[in-house]
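Got your viewer open and a free hand for the mouse? Load the model, switch to a cartoon view, and let's take a walk through it.

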Amino acid sequence: MQNIYYQPMGYAFGDCMPFYKDGKFYLYHQRDTRNPEPFGEPFGWALAVTEDFVHYEDKGEVLLRGEDTEQDQFIFAGSVFEGEGQYHAFYTGYNRDFAAKGKAAQVLMHATSDDLIRWTKSADKLKLPPQMGYDPNDWRDPYVLWDEDSKEYILILGAHKQDNRQIKTGCTVYFTSKDLEQWEFKGDFWAPNMFCMHEMPDLFCMGDWWYLLTTEYSENSKTIYRKSRSIYGPWQMPDDDAFDGRAYYAARSCGDNEHRYLFGWVASKDQDKDINNWIWGGTLVVHELVQKENGDLKVKMPDSVHNAFAQKVSDNLFAEKVIEAESGVHEGFIGECNEETFLFETVVCFRSGTRAFGVNFFEEKETGDAYRFEIEIKNGKVDFNRTPNLPWFRYMAQGSERPIFLEADKEYLLQIVVDGTVATLYLDNTALNVRVYEPKGKDISLYVKDCSVNIKNPRLCLLKN
């Protein structure tokens, strides 16, 4: 059960289509019943409305799926935008039975609304079927924006070429339109020959930079981005092209007048077991985007989420402590937490020569059994696992890591949010989301491998009443 991250009761949260209007974020999304497994029962789009990413108003399902015999048996991802005096939704109509009948399984479809709640489908008036040369069963996730320079709408979507699905022909393709009624297919928008399929593309401008997002359909399964000075590229790959790890999927962005946020879901694990693989759908987690001077994008915890926590009064916390290990590992106790939702944060500073440091949480006092985030200074990464990881292995951790490069003798704010089975690390504008299904204890500790780390003002915080 989540208390701050959003997951509707009884459902897994699927792909999110965020839209901002008049101080509120309208989060259209899919709800999967897991009956008997992901995509077992067809779904449409549900809606949750929030102003702070902490409190959500559930509007239920607002864009209803079609009958089992219709193209939109499932309503897969798309986008919501305002144009030509109305609100519009372009979405993917998917019928799982059509491919066997020689029909396109996925077709882009359209609906309109005057209030963002009640939607009217355009039926056969506006459909954008798979184009010649592209796989008719992988043609999805449209995203629409207005280009002020060309005075036209641009619609991008994920696709791949009509050949062996294992071949890396995944691409983002696009249409253009002057009026949202007549659309002209333009071909490939970005075709890097890197992935088998592109999912959930997103295109937006911040300052002097354009950003193209996609979720790579690969063993890494991350939302990545490219940057350019032009809306049409060429697209530059930054040193760190992802926003989170393997568990954070299908992130789309949306901004208010001052900030831009990422809306992605943290995948659940099969049968809710640490050792099992990730499965589609889970829990919504929102990151705030941070733009660096060179145009690279990083993330942070939204202020409204941080402000939802109040400090917990505890005699175990302290002003400052140095944890040292001349050789090997030394661990320092921080505090104990009995709650399922909490925030731990502290300022850390390590000396030159430190090999690694990390945080253990849900630690069992007697055995040291814990989950841990470890920052490997020498290897330039942060990763997640269980400790001790015996019998090998107890946690399926593939992809639960992020690149991070920290400097000695510099202070960094380290934050960990735990909400139910979701744990999120923030450090130096780098995020890593994971799942924790089988905690053993209640302790939180910080450790160092070789040399020393200084801890200042640790805080263990609970949600405000």
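Start by selecting residues 184-190, which make up strand β12; this strand pairs with β11 in the antiparallel sense, over five bridges. Keep in mind as you click around that this is a predicted model.

**Stop 1: around β11**

Now add residues 170-177, which is β11 itself. Is this strand mostly enclosed or open? Eight of its eight residues are buried, so β11 is largely enclosed by the rest of the structure. Show the side chains and look at each face in turn. On one side you'll find Gly 170, Thr 172, Tyr 174 and Thr 176, and on the other Cys 171, Val 173, Phe 175 and Ser 177; both faces are covered.

Next, colour residues 152-161. That's strand β10, and it pairs with β11 in the antiparallel sense over eight bridges. Click on Thr 172 for a moment: Gly 158 has it as a bridge partner, and Thr 172 also stands opposite Trp 190 in β12.

Before leaving, follow the chain from β11 into β12. The hairpin has six residues between the strands, and Leu 180 there takes a positive phi near 70°.

**Stop 2: an open sheet**

Jump back along the chain to a sheet of four strands. In what order do they run? The order is β5-β6-β7-β8, the sheet is open, and the pairing is antiparallel. Select 74-83 for β5 and 120-121 for β8: these are the edge strands, each pairing on one side only. Then highlight residues 106-113, strand β7, which pairs with β8 over two bridges in the antiparallel sense. To see a partnership up close, pick Ala 111 and look across to Lys 121 in β8, its bridge partner.

**Stop 3: two cis peptide bonds**

Move on to the loop between β25 (381-387) and β26 (401-403), where you'll find Pro 388. The peptide bond joining Thr 387 and Pro 388 is cis, with omega about -10°. Pro 391 is found in the loop between β25 and β26 too, and a cis peptide bond joins Leu 390 to Pro 391, with omega about 0°.

**Stop 4: β23 and β30**

Select Phe 362 in strand β23 (residues 356-363). Phi is near 50° here, a positive value in a residue other than glycine. Is Phe 362 buried or exposed? With a relative accessibility of 9%, Phe 362 counts as buried.

Now go to residues 443-463, strand β30, and pick Ser 452. Ser 452 counts as buried because its relative accessibility is 4%. Which residues touch it? Setting aside neighbours within four places in sequence, Ser 452 is in contact with Val 322, Ile 323, Glu 324, Phe 350, Arg 351 and Thr 354. Also in β30 is Cys 451, whose phi is near 80°, positive although the residue is not glycine. Cys 451 is buried as well, at a relative accessible area of 18%.

**Zoom out**

Finally, bring the whole chain into view. Count along and you'll meet one helix and 30 strands. The C-alpha atoms fill a box of roughly 70 × 45 × 45 Å along the principal axes. The radius of gyration is 23 Å, which agrees with the value near 23 Å for a compact globule of 465 residues. Of those 465 residues, 59% count as buried. Try colouring by charge to finish: there are 51 positive and 75 negative side chains, and the centres of the two sets lie 2 Å apart.

Methods
Residues numbered from 1 in each chain as written. Heavy atoms only, no water. Rg over C-alpha atoms; globule rule 2.2 N^0.38 Å. Buried < 20%, exposed > 50% of the residue type's maximum accessible area, 1.4 Å probe, protein only. Lys, Arg positive; Asp, Glu negative; His and termini not counted. Charge placed at Lys NZ, Arg CZ, Asp CG, Glu CD. Pairing = 2+ DSSP bridges. Contact = heavy atoms within 4.5 Å.
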